[in-house]
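Reader: Hi! Could we take a close look at one part together?

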Amino acid sequence: MPVSPLPTPGARLLTALAGAQLLVALDFSIIYVALPDIGASLHFSAVALQWIVSAYAIFFAGFLLLGGQLADVFGAGRVYLTAQLLFAASSIGAALSPSAAVLIAARVGQGVAAALLVPATLGLLSSAYPAGPERDRAVSVWGTTGAVGLALGVTAGGGILAVASWQWIFWINIPIVVICLLAAGNAVRSTTAGARAPVATVATFSACAAVVALVLAFTELSRARPSLPVVAAALAVTIPAGALLALSQRRRRPLVPRALLRVRTLQVACLAAALYMASFGAEFYLVTLYLQDVRDYSAFAAGLAFLPLAGAITVGNTVAGRLAGRLPLRRLLSTAFLTGAAGLVVLALAVGAEGGYLPAILPGLLLSGLGQGMAFTGMFITGTRDLPQASNATGSALVTTAQYLGGSLGLALLVLIHGEQPATADFVRTFCVTAVIAAAAAPSALFLLTRTGRPPATVSRQDQPSQHRTGGHR
């Protein structure tokens with residue numbers, strides 16, 4: 001079946017792609033300042049509140065690779081449309097949730113929708129923009145939207161709670177979905193389905209089960225009196241689920257095509273993405289909790305406190321987009337992570353000194369924001385540079401999978417470190433831990449990206465997700 005040509009890339013298509021990334025990032029971070037209100041309204045315990053964040057992150061990460069395979073098989077445009085509609089339905093369900101269980105289920109639905117949306121978006125982007133400066137600029141815009149969405153989500157959440165109830169942080173998704181679908185236009189019909197092929201559903205559910213069980217174990221250990229049988233049962237699920245995931249890689253249709261595992265730039269991008277979210281991603285949770293629980297900021301004030309961070313991230317994204325073609329990727333990534341790590345150290349010192357916002361907290365937010373903005377754009381440029389065309393949606397999804405798996409496990413670890421009722425000293429310790437995690441990405445990028453001069457890997461007939469490429473030609 002012939003593939004219809006993609007529309008000429010322009011502002012309208014890029015708006016649809018960037019808007020989708022904004023939606024995904026916004027729904028991860030907008031929830032933070034609303035956690036106290038949601039907890040009181042739906043009777044969550046202090047430790048269980050993290051599941052409102054983790055339910056989204058885990059199923060987002062767990063289903064991303066399946067979403068990439070579906071985009072390769074059924075066409076990125078069709079999957080983009082389906083994901084947007086599922087996102088809208090899940091957001092309505094979350095807004096109307098009468099209980100904690102229903103809200104968690106709706107957040108799972110949002111996570112699955114995001115898992116379908118991101119690889120479809122990246123598949124459309126990779127097909128519409130040829131490799132080189134044009135794609136780098138498009139990825140920079142896309143990355144800027146996502147990184148800024150993470151920061152502005154907290155600010156937007158605070159603003160919404162100042163004038164309305166927490167349910168409106170979910171209702172706000174509906175107009176964003178409508179705008180994205182209108183802007184996408186014919187792009188959702190421009191990629192045709194590939195040959196039908198089995199998809200790795202068993203591996204997907206195994207991956208989700210393993211991560212959910214591991215986060216559950218960390219959550220239980222965070223309690224003042226943890227239940228050891230619950231921890232043991234969670235770990236007992238993690239081990240066989242992980243083993244089943246490993247066995248699935250030996251099948252004809254593995255969750256991760258084996259050829260992609262040999263692409264060095266993709267390996268580095270995945271490692272960087274996991275460390276990024278375990279450090280910079282956790283910063284949103286820690287700063288929000290610190291400002292509201294220790295400094296007694298209102299939700300609105302806490303949201304406003306994140307505005308400089310959003311601005312710094314935007315600057316960092318722009319800088320990375322301009323330097324991507326001039327500096328080696330290893331220097332760009334290492335500089336970005338070291339800059340962000342320095343900002344987290346400044347935050348740790350500010351929290352320990354209990355200084356004011358302007359002289360103490362603001363410098364750390366600006367420095368960490370600059371670093372994470374550069375790192376976000378840099379890691380996605382690195383991850384998409386050498387991808388085989390036939391697997392660009394699946395390969396791109398692997399980077400975001402690593403990002404949000406790192407985020408969910410990192411958040412669970414930090415909750416374990418600071419406990420149920422964190423004090424100032426606990427926040428100092430957790431900020432130092434995030435700084436160490438971010439700094440670890442710098443030598444990894446310098447070492448692993450030293451030799452990347454060989455041509456991109458090719459996908460064997462056995463590993464190839466589908467017989468047709470996603471979209472047009474590069």
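Where is the place of Thr-430? And what goes on with the aromatic pairs?

Author: Sure! Bear in mind that this is a predicted model, where local features need pLDDT of at least 70 and side-chain atom pairs count only at pLDDT 80 or more, while totals for chains, interfaces and linings use all residues. Residues are numbered from 1 along each chain as its sequence is written, and side-chain values use heavy atoms, with hydrogens and water left out.

Thr-430 sits in helix α17, residues 424-448 (helices are DSSP runs of H or I, at least four residues, numbered from the N terminus). Thr-430 is buried, with a relative accessible area of 0% (buried means under 20%, using a 1.4 Å probe and protein chains only). The Thr-430 side chain reaches the backbone oxygen of Phe-427 at 3.0 Å. Leaving aside residues up to four places away in sequence, Thr-430 touches Leu-286, Leu-414, Ile-417 and His-418 (contact means heavy atoms within 4.5 Å).

Now the rings: there are 10 aromatic pairs in the structure (ring centres of Phe, Tyr or Trp, its six-membered ring, within 6.5 Å; planes over 60 degrees apart count as edge-to-face). Tyr-32 and Tyr-285 have ring centres 6.1 Å apart and planes at 70°, so that pair is edge-to-face. Tyr-32 lies in the loop between α1 (11-29) and α2 (35-42), and Tyr-285 in helix α11 (residues 264-294), so the pair ties together parts 253 residues apart in sequence. Both of these tyrosines, Tyr-32 and Tyr-285, are buried. Tyr-276 and Phe-280 also pair edge-to-face, at 5.3 Å centre to centre and 75° between the planes. Both lie in helix α11, four residues apart, about one turn of the helix. Together with Phe-337 and Phe-376, Tyr-276 and Phe-280 form one aromatic cluster.

Terms used
Phe/Tyr/Trp six-rings, centres within 6.5 Å; stacked < 30°, edge-to-face > 60°. Helix = DSSP H or I, 4+ residues; strand = E, 2+ residues; numbered from the N terminus. Buried < 20%, exposed > 50% of the residue type's maximum accessible area, 1.4 Å probe, protein only. Polar contact = N/O pair within 3.5 Å; in protein donor to acceptor, adjacent residues only side chain to side chain.
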